[in-house]
Amino acid sequence: MGLPTPNTGHLSQWKYDTVYEPAEDTYLLLDALEHDQLQLHEQKPAICAEIGSGSGCVSAFLAQVLDPHRALVLSTDINPAATMATQETISSNKHGNCVSDQVRTRFVQAMDARLRGNIDVLLFNPPYVVTPTKEIDATSEASAWAGGIHGREVLDLLLPNVASMLAPRGRFYLVVIEQNKPEEIIALLQEDGLTGERVLSRKAGREHLSILRFIKA
């Protein structure tokens with residue numbers, strides 16, 4: 001029997017109108033984490049971080065995956081409504097021994113010095129939709145999905161920093177679509193010492209979603 005999907009019923013409140021609700025990309029990331037549950041338990045992560053947490057569904061689910069292991073789960077988002085939604089999702093789906101914290105920031109910039117080289121599990125469901133550059137961050141809603149050229153403009157700001165953010169044996173789970181050029185991303189991070197592979201894929205309407213998993217040597 002699989003782990004339950006966190007309840008996000010509170011997202012129907014008007015104050016969360018700008019928050020990205022769980023969708024097929026979210027559920028594919030949950031499936032990848034559950035599939036790797038045994039490996040994650042063996043890893044015994046101390047610090048986990050989700051960038052762009054949105055509803056908080058993934059962060060709350062990660063806490064279940066790691067149970068009964070104790071870890072710090074940090075969730076960041078640039079949308080203040082998303083940080084509030086994440087806090088409420090985690091509070092209403094409390095599982096296990098994980099400690100959580102929510103921070104309004106892009107990527108992990110507000111905590112970069114303290115986290116560098118210490119993140120054991122990093123999660124990112126980026127704004128991956130191909131759009132004109134001007135649509136990136138045009139609204140709070142757009143910040144969750146508008147990815148610019150090749151859907152990569154936001155992601156490409158993070159990629160050069162991933163290896164230095166991760167602890168030894170650290171893992172990075174990334175949601176992509178085919179237009180994001182997944183094989184190119186794998187090759188780029190391989191140059192930084194990360195071994196990457198496509199671990200799950202699924203068609204969702206016109207989108208071909210995949211989860212890329214990278215592990216630092």
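## The big picture

Half the chain is tucked away: buried residues make up 50% of the 217 residues in the protein chain, where buried means under 20% relative accessible area, exposed means over 50%, and partly exposed is in between (1.4 Å probe, protein chains only). Keep in mind that this is a predicted model, where local features need pLDDT of at least 70, side-chain atom pairs count only at pLDDT 80 or more, and totals for chains, interfaces and linings use all residues. Residues are numbered from 1 along each chain as its sequence is written, and side-chain values use heavy atoms, with hydrogens and water left out.

The protein chain has 7 helices and 7 strands; helices (H or I, at least four residues) and strands (E, at least two) are DSSP runs, numbered from the N terminus. Reading along the sequence, you meet them in the pattern α-α-β-α-β-α-β-α-β-α-β-α-β-β. The radius of gyration is 16 Å, close to the 17 Å that the globule rule gives for 217 residues, so the chain is as compact as a globular protein of that length. That radius is taken over C-alpha atoms, and the globule rule is 2.2 Å times the number of residues to the power 0.38.

Along its principal axes, the C-alpha trace spans about 45 × 45 × 35 Å. Take the contacts (heavy atoms within 4.5 Å) between residues at least 6 apart in sequence: 74% of them join residues at least 24 apart. The accessible surface comes to about 9800 Å², and 52% of that belongs to carbon and sulfur atoms; such areas come from the Shrake-Rupley method with a 1.4 Å probe, and for residues only the protein chains shown count as cover.

## Salt bridges

How many salt bridges does the count come to? The count is 11, with a salt bridge being a side-chain nitrogen of Lys or Arg within 4 Å of a carboxyl oxygen of Asp or Glu. One of them pairs arginine 116 with aspartate 112, their closest N and O atoms being 2.8 Å apart. Arginine 116 is partly exposed at 34% relative accessible area, and aspartate 112 is partly exposed at 25%.

Arginine 198 turns up in two of these pairings. With glutamate 178, the closest N and O atoms are 2.5 Å apart. Arginine 198 sits in strand S6 (residues 194-204) and glutamate 178 in the loop between strand S5 (166-177) and helix H7 (182-190), so this pair ties together parts that are 20 residues apart in sequence. Arginine 198 is partly exposed at 29%, as is glutamate 178 at 34%. The other partner is glutamate 183, with closest N and O atoms 3.1 Å apart; this pair links glutamate 183 in helix H7 to arginine 198 in strand S6, 15 residues apart. Elsewhere, salt bridges that share partners join Asp36, Arg171, Glu197 and Arg213 into one network.

## Aspartate 77 and threonine 105

Which side chain of opposite charge is nearest to aspartate 77? That would be arginine 104, 7.6 Å away, and aspartate 77 is buried yet has no salt bridge. For charges, Lys and Arg count as positive and Asp and Glu as negative, while His and the chain ends are not counted. Aspartate 77 lies in strand S2 (residues 72-77), and its side chain reaches the backbone nitrogen of asparagine 79 at 2.9 Å. Leaving aside neighbours within four places in sequence, its contacts include Gly52, Ser53, Arg104 and Thr105.

Threonine 105 is in the loop between strand S3 (99-104) and helix H5 (112-115), and is buried at 11% relative accessibility. Its side chain reaches the backbone nitrogen of alanine 110 at 3.2 Å. With neighbours within four places in sequence left out, threonine 105 is in contact with Thr76, Asp77, Ile78 and Ala110.

## Backbone oddities

The peptide bond from aspartate 67 to proline 68 is cis, with omega near 10°. Proline 68 lies in the loop between helix H3 (57-66) and S2.

Lysine 44 is not a glycine, but has a positive phi of about 55°. This lysine 44 is in the loop between helix H2 (37-43) and strand S1 (47-51), and is exposed at 56%. Aspartate 137, also not a glycine, has a positive phi of about 60°. Find aspartate 137 in the loop between strand S4 (119-124) and helix H6 (155-165), partly exposed at 35%.

Notes:
A polar contact is a pair of N or O atoms within 3.5 Å; within protein, one must be able to donate a hydrogen and the other to accept it, and residues adjacent in sequence count only if both atoms are side-chain atoms.
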